[in-house]
Amino acid sequence: ELLAQGKAYKSYKTEATLKAEREAQAAAHQAPHYVYEYAGMSAEQIKEAQAKDEAAGLKPVVRFRVPEDHDYQWQDLVKGEVKINSKEIGGDWVIQKADGMPTYNFAVVIDDHLMDITHVLRGDDHVSNTPKQLMIYDALGWTAPKFGHMALIIKAETGKKLSKRDEDTLQFIEQYRELGYLPEAMFNFIGLLGWSPVGEKEIFDRKQFIELFDEKRFTKANAKFDAKKLAWINNQWMRSEKDKVMPQLIGELVKAGLVSQKEAEEKADHFAKIVEVAGVDGIKATSEIAPLAKYPFFQLHPISGQDKEKWLDTDDGQKVIAAFKEQIEKLPENDFTAEAIMKLIRTLQADLSIKGRPLWNPIRLITTHEVQGPNLPEILAVMGKSWTLNNIKKTIG
């Protein structure tokens, strides 16, 4: 249709000719632009020239004939009024390659028109494409959609546009899925890139986003891809959707080889408690739970010689060990709770006049082999009396 109306034409210029023209323009300090090859020719002369090139075996591209000195302007949803003159386009541009493949700026117009697209939201780096697309809309007599050119996503560290070649930045959905980032969190985070809601609210689901969305809230400044912000958002979602995420968290224990799939299914409640105590509230993705839970819930570290000497072999250490072992053995199985264990330790503190690390570290070492970690009474309560006494026996005999 465009060819028939003279709004597009076949161009037979070779790459060698185009290269020579670009070099000549550079030497003359001119902006690179396409030079119309049929300038001053009649329709008959153009036809003869094309027939000659065709006979020579040259494959043509199809170029759009850019109107001279025409302003293309639109009310951008983000940038406000934008106006670009056709002189800035660089001359007639290719809408179909020599192999018959249409180019992006032509194909996207046809595609969007056929799909009844009303609004086009894209990156700020597409602004220069918009005049070319408006030309096609005008040439075909179609109504153009509304355009909004959003701020680019840049690396927070460098301030440069985020690129798929930035291997030091995770930016592919499958990478985040593998790490255990939730779909809800990813949607939430991406929704805040280049846009902000009214007020302080930053956590929202899809339905809430639709209600909050206002195209007037797009930001003109580039959006920083902040991995720490994404981690925080994912943590917020994990905390608020803990029951929903728990199977995935337990699945991480299976993936790490800490439990079998059968055990995970049969003892889901028990493993959910382990996950809770191990520190699910402090992680940024589900994949981080297995390393936290491995010690001491499924394996014990060897006690270092330094810890043994500093905390177990001292007079205070021996007093604490003996007293704790005696009292924990007396604690009934049905009362083996975090509250009861904490009360027991507080009683030892009063009876032995030992407090702080000299009290807690010996108990931690003989039960978990570590001097730091999650809340000790909660660990022991979740793992049970038998597990606790067995660890003490392994440690002190």
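## Reading the sheet, the helix packing and the backbone

Me: In this model, which residue in β5 stands opposite Arg-63?

Reply: The model is a predicted one, and in it Arg-63 stands opposite Val-94 in β5. As a general idea, strands of a sheet pair through backbone hydrogen bonds, in either a parallel or an antiparallel sense. Here β2, which covers residues 61-64, pairs with β5 in the antiparallel sense, over three bridges.

Me: How is the order of the strands in the open sheet to be read, and which are the edge strands?

Reply: The order is β1-β2-β5, three strands forming an open sheet with antiparallel pairing. The edge strands are β1 (8-11) and β5 (93-96), each of which pairs on one side only. On average, and with direction ignored, neighbouring strands of this sheet are turned by 45° against each other.

Me: How do I read the packing of two helices, and at what angle do α14 and α18 pack?

Reply: Helix α14 (residues 315-330) packs with helix α18 (residues 385-396) at an angle of about 150°, and their axes are 11 Å apart. Angles over 145 degrees count as roughly antiparallel, which is why α14 is described as roughly antiparallel to α18. Their crossing is left-handed. From α14 the contact is made by Ile-321, Phe-324, Lys-325, Ile-328, Glu-329 and Lys-330, while α18 contributes Lys-385, Thr-388, Leu-389, Ile-392 and Ile-396. Sorted by class, the residues in this contact are six nonpolar, one polar and four charged.

Me: How is the covering of a helix judged, and how many residues of α16 are buried?

Reply: One asks which residues are buried and then what covers them; in α16 (residues 357-368), ten of the twelve residues are buried, so that the helix is mostly covered. Among the buried residues of α16 are Trp-360, Asn-361, Arg-364 and Thr-367. What covers them includes α12 (289-298), α13 (305-312), α14, α15 (338-352), α17 (376-383) and α18. Helix α17 is likewise mostly covered, with six of its eight residues buried, namely Leu-376, Pro-377, Ile-379, Leu-380, Val-382 and Met-383. These buried residues of α17 pack against α11 (268-278), α12, α14, α15, α16 and α18.

Me: Is Leu-352 buried, partly exposed or exposed?

Reply: Buried means under 20% relative accessible area and exposed means over 50%, so Leu-352, with 25%, is partly exposed. The place of Leu-352 is in helix α15. Leaving aside neighbours within four places in sequence, Leu-352 is in contact with Lys-319, Val-320 and Ala-323. The C-alpha atoms of Leu-352 and Asp-316 are separated by 8.6 Å, although these residues are 36 apart along the chain.

Me: Where should I look for a positive phi, and in which loop does His-29 lie?

Reply: His-29 lies in the loop between α1 (15-27) and α2 (43-55), and has a positive phi of about 60° although it is not a glycine. At 77% relative accessibility, His-29 counts as exposed. Asp-116, also not a glycine, has a positive phi of about 55° and lies in the loop between α3 (104-114) and β6 (119-123); at 63% relative accessibility, Asp-116 counts as exposed. A further case comes just after α16, where His-369 takes a positive phi of about 70°.

Me: Is the peptide bond from Tyr-295 to Pro-296 cis or trans?

Reply: The peptide bond from Tyr-295 to Pro-296 is cis, with omega near 5°, and the place of Pro-296 is in helix α12.

Conventions: Residues numbered from 1 in each chain as written. Predicted model: local features only at pLDDT ≥ 70, side-chain atom pairs only at ≥ 80, totals over all residues. Heavy atoms only, no water. Pairing = 2+ DSSP bridges. Helix = DSSP H or I, 4+ residues; strand = E, 2+ residues; numbered from the N terminus. Axes fitted to C-alpha atoms, helices over the stretch in contact; angles between N-to-C directions. Parallel < 35°, antiparallel > 145°, perpendicular 65-115°, else oblique. Left-handed = near helix turned anticlockwise from the far one by under 90°. Contact = heavy atoms within 4.5 Å. Nonpolar A, V, L, I, M, F, W, Y, C, P; charged D, E, K, R; others polar. Buried < 20%, exposed > 50% of the residue type's maximum accessible area, 1.4 Å probe, protein only.
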